[in-house]
Each structure stands twice: as C-alpha cells, then as structure tokens.
Amino acid sequence: MVDWGAIILGFILSIIFAGIFARIIPIWGGILGLLLAGMVVGYIVGGDAINGAINGALAGIFGAIVLSLLLLIAGTLILGIIGFAAATITSFIILIGFVGVMLIMAVGGAIGSIVKDEPEVRVVEYRGP
C-alpha cells in the first residue's frame, strides 16, 4: 500500500540527510543519508519488505520528478524555447541518475520495514462447538 505522507516525508528527509551526511562523510555520506531516509519511510509504512521497498523507491523517484519539473519551468521562464530544450535534456539525465537514488532508498525502505517487524494479524473466525 502506497503511503503518500511517508513518501513526501522521505523526499524531504532525503534532501536533509544527504546534505548533512555528505558534509560529514565526504565520499559515502550522501548515500548513507539516502539509505537512512529510505529506512524512515520503510519504518513508517511497515508491512513486509516489498511494501517498504516500493514506498522507499517512490520517495526517491519523487525527488527526480520534482527537480525535473522545476528545471523545466525555470528554464522556460528564463530562456524561452532554448531554456526548455536545455532543461529537457538535463531533466532526462537527472531522471536516469535518480534510478540509483531510487534503488538505494528502496533498499533502505525494505530494511526499515523489516526492522519494524509488524507481523500480520490473522483473524480466525470462531464457529462454535
């Protein structure tokens, strides 16, 4: 089940965590920040690992889509059709690059939902003697 509140929170946390950890740990900090943001999304969503991974991946790709739309709007407003063309090419490259971000956050989402470890509750119907 897709939880849009958790996805938006994961998107915001991915920006914050990746920025902070990239300054603290120069090479691996950004990846660690994305992984932690994905884990938060997975923990919030709960369920099985697949559910956490789906929500984590959606949080990762949400950032690429938002960034691409902002580039298209800004490029068109500033430079017209030339800006639109340049922003389109840049957005395409960003979307390809965010596949890696999506995968990292999906792994984090799966780990987060496993850590939460919400067992499924089975309802047994009592039929009497």
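Guide: Welcome! Buried means under 20% relative accessible area, exposed means over 50%, and partly exposed is in between. Please keep in mind that this is a predicted model.

Visitor: Is Phe62 buried, partly exposed or exposed?
Guide: The relative accessibility of Phe62 is 24%. Being buried takes a value under 20%, and being exposed takes one over 50%. Phe62 therefore counts as partly exposed.

Visitor: How many aromatic pairs does a search of the whole structure find?
Guide: The search covers the whole structure, and its count of aromatic pairs is two. In one of them, Phe11 and Phe62 meet with 5.1 Å from centre to centre and 90° between the planes, an edge-to-face pair. The total for the whole structure is two.

Visitor: How many residues apart in sequence are the parts that the pair of Phe11 and Phe62 ties together?
Guide: Phe11 belongs to helix 1 and Phe62 to helix 3, so their pair links separate parts of the sequence. Phe11 is buried, because its relative accessible area is 15%. The parts tied together are 51 residues apart.

Visitor: What kind of aromatic pair do Phe17 and Phe21 form?
Guide: Both residues sit in helix 1, four residues apart, about one turn of the helix. Phe17 is partly exposed at 22%, and Phe21 is partly exposed at 21%. The ring centres are 6.3 Å apart and the planes are at 75°. Planes over 60 degrees apart count as edge-to-face, so the kind of this pair is edge-to-face.

Visitor: Which helices each supply at least two residues of the largest nonpolar core?
Guide: That core has eleven residues, among them Ala6, Leu34 and Met105. In soluble globular proteins, nonpolar side chains tend to be buried together. Those that each supply at least two residues of this core are helix 1, helix 2 and helix 3.

Visitor: Leaving aside neighbours within four places in sequence, which residues is Ala6 in contact with?
Guide: Ala6 is one of the residues in the largest nonpolar core, as are Val41 and Val45. With its sequence neighbours within four places set aside, Ala6 is in contact with Val41, Ile44 and Val45.

Visitor: Which helix gives the largest share of the nonpolar patch?
Guide: The patch lies on the surface, covers about 1100 Å² and includes Ile8, Trp28 and Leu32. Helix 1 (4-24) and helix 2 (29-45) each supply at least two of its residues. The largest share is six residues, and these come from helix 1.

Visitor: Is Ile15 buried or exposed?
Guide: Ile15 is in helix 1 and is part of the nonpolar surface patch. Its relative accessibility is 53%, and the cut-off is over 50%, so Ile15 counts as exposed.

Visitor: What is the relative accessible area of Ser113?
Guide: Ser113 has its place in helix 3. Beyond neighbours within four places in sequence, Ser113 is in contact with residues including Gly42, Tyr43 and Asp48. Ser113 is buried, because its relative accessible area is 1%.

Visitor: Which residues does Ile104 touch, not counting those up to four places away in sequence?
Guide: Ile104 is found in helix 3 and is partly exposed, with a relative accessible area of 22%. The C-alpha atoms of Ile104 and Leu36 are separated by 9.5 Å, although their places lie 68 residues apart along the chain as a separation in sequence. With residues up to four places away left out, Ile104 touches Ile31, Leu34 and Leu35.

Terms used. Residues are numbered from 1 along each chain as its sequence is written. This is a predicted model: local features need pLDDT of at least 70, side-chain atom pairs count only at pLDDT 80 or more; totals for chains, interfaces and linings use all residues. Side-chain values use heavy atoms; hydrogens and water are left out. Patches are made of residues with over 30% relative accessible area and no salt bridge: like charges are joined within 9 Å, nonpolar side chains (Val, Leu, Ile, Met, Phe, Trp, Tyr) within 5 Å. Accessible areas come from the Shrake-Rupley method with a 1.4 Å probe; for residues, only the protein chains shown count as cover. A salt bridge is a side-chain nitrogen of Lys or Arg within 4 Å of a carboxyl oxygen of Asp or Glu. A nonpolar core is a set of buried Ala, Val, Leu, Ile, Met, Phe, Trp, Tyr and Cys residues joined through side-chain atoms within 4.5 Å. Buried means under 20% relative accessible area, exposed over 50%, partly exposed in between (1.4 Å probe, protein chains only). Contact means heavy atoms within 4.5 Å. Rings of Phe, Tyr and Trp (its six-membered ring) pair if their centres lie within 6.5 Å; planes under 30 degrees apart count as stacked, over 60 as edge-to-face and the rest as tilted.
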